[in-house]
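The following account leads through a protein model from its strands to its interior spaces. Please keep the sequence and the coordinates at hand while reading.

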Amino acid sequence: MKETLSLDDLWSSAQPGARVFDPAQVLGLPERVRLYLEHAIAVGTPLASAVRLRMHGEIKLKGWHPFTAEQVILWNRGMIWRATVRMFGMPIRGGDFFLDGQGAMRWKLFGILPVVNAAGPDISRSAAGRVNIESIWLPSVLCGEGVSWTSVGKRLHARFSAHGERAGIDYTVSSNGGLETVCMPRWGNPDGGDFHYVHCGGFVEEEGTFAGYTIPTRMRVGWHFGTDGFEQEGEFFRVTIDDAIYR
């Protein structure tokens, strides 16, 4: 498949939110869920359909390597993540995307020589799961009528259908509503075999506020979340969000 939209094009196509956040919109939800959403979205904040993120961190590719990246998530279409990873001083440029039901991963050494070029149903399904769990950076979509919430203690569970996948996402939140962890079964093959659902998630280490949205700004992310496998081999992404703008 060929990507037809640039990151700028996807961002430009986003329509500003027509409604603003009002705590009355979440009155029927469990108390801890309301605490999280009211912490994540300030009263009167436009309910955005898209977020544009700038980030940096480390990614594990047979060893940890630094990266810088920019990402646009447009909820009704998907996302584009563009990055430069430095391996032994050499830049590998490319990224991941999921648009209108199709996903792919494309990376090139010096932006010229192909290193990774992966697509197909399994890649698309995994990328759809990524968009769904990354709703933590666009919490306005978690206020929608299509999201079903339950809560037990500090643990929350959201169920919804989006991007061709049924998402079942678990969260833990602090006493002030700040997100501590997020996890969901995501389609993937982290062990190199057949694709299957594997728990994927992350720890939130810091948060920040941008234009009325309080979101995780420093995280450790990986496969086999909630097991010893996360620390041993599953962690693959350490990210710091430098800026977020909403539309």
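**Strands, core and open spaces**

Strand β1 (residues 50-60) pairs with strand β2 (residues 64-74) in the antiparallel sense, over 11 bridges. Two strands are taken to pair if DSSP finds at least two bridges between them; helices (H or I, at least four residues) and strands (E, at least two) are DSSP runs, numbered from the N terminus. The model is a predicted one, in which local features need pLDDT of at least 70 and side-chain atom pairs count only at pLDDT 80 or more, while totals for chains, interfaces and linings use all residues. Residues are numbered from 1 along each chain as its sequence is written, and side-chain values use heavy atoms, with hydrogens and water left out.

Within the pairing of β1 and β2, Ile59 has His65 of β2 as its bridge partner. The hairpin of these strands has three residues between them. Lys62, in the loop between β1 and β2, has a positive phi of about 55° although it is not a glycine. Most residues other than glycine have a negative phi. Lys62 counts as exposed because its relative accessibility is 90%; buried means under 20% relative accessible area, exposed over 50%, and partly exposed in between (1.4 Å probe, protein chains only).

The next pairing joins β2 and β3, antiparallel over eight bridges, with a hairpin of three residues as the connection. Here Phe67 stands opposite Val85 in β3. Strand β3 (residues 78-87) then pairs with β4, again in the antiparallel sense, over 10 bridges. Trp81 has Asp96 of β4 as its bridge partner. In the hairpin of β3 and β4, with two residues between the strands, Phe88 takes a positive phi near 55°.

Strand β4 (residues 90-99) is mostly covered, with eight of its 10 residues buried. On from β3, β4 also pairs with strand β5 (residues 102-109), antiparallel over eight bridges. Gly95 stands opposite Arg106 in β5. Two residues lie between the strands in the hairpin of β4 and β5, where Asp100 takes a positive phi near 50°. Gly101 is found in the loop between β4 and β5, and it is partly exposed because its relative accessible area is 44%. The C-alpha atoms of Gly101 and Ser124 are 6.9 Å apart in space, although the two residues are 23 apart in sequence.

What lies between the side chains in the interior? In soluble globular proteins, nonpolar side chains tend to be buried together. The largest nonpolar core has 60 residues, of which Tyr36, Met55, Phe67, Trp81, Trp149, Tyr171 and Tyr246 touch the most other members. Such a core is a set of buried Ala, Val, Leu, Ile, Met, Phe, Trp, Tyr and Cys residues joined through side-chain atoms within 4.5 Å. A second, separate core of 12 residues includes Leu5, Ala14, Val72 and Leu74. Not counting residues up to four places away in sequence, Tyr36 touches Ile136, Pro139, Leu142, Trp149, Leu156, Val173, Gly177 and Leu179, where contact means heavy atoms within 4.5 Å.

Ser135 is found in the loop between α3 and β7 (148-152). It is buried because its relative accessible area is 0%. Beyond its neighbours within four places in sequence, Ser135 is in contact with Trp75, Val141, Leu142, Phe160, Ile169 and Tyr171.

The largest pocket has a volume of about 1200 Å³. Of its 44 lining residues, Ile59, Asp96, Met105, Trp223 and Phe236 are the closest to its centre. On a 1 Å grid over the protein atoms alone, a pocket is an open set of points with protein on both sides within 12 Å along at least five of seven lines, a cavity is a set where a 1.4 Å probe fits but cannot get out, and lining residues have an atom within 4 Å of a point. Grid points are joined across faces, edges and corners, and a volume is the space filled by probe spheres set on the points. Helix α3 (residues 121-133) gives the largest share of the pocket lining, five residues.

The largest cavity holds about 40 Å³ of space. Its lining consists of Tyr36, His39, Ala40, Leu179, Glu207, Thr214, Ile215 and Pro216, with α2 (31-40) and β12 (213-223) each supplying at least two residues.
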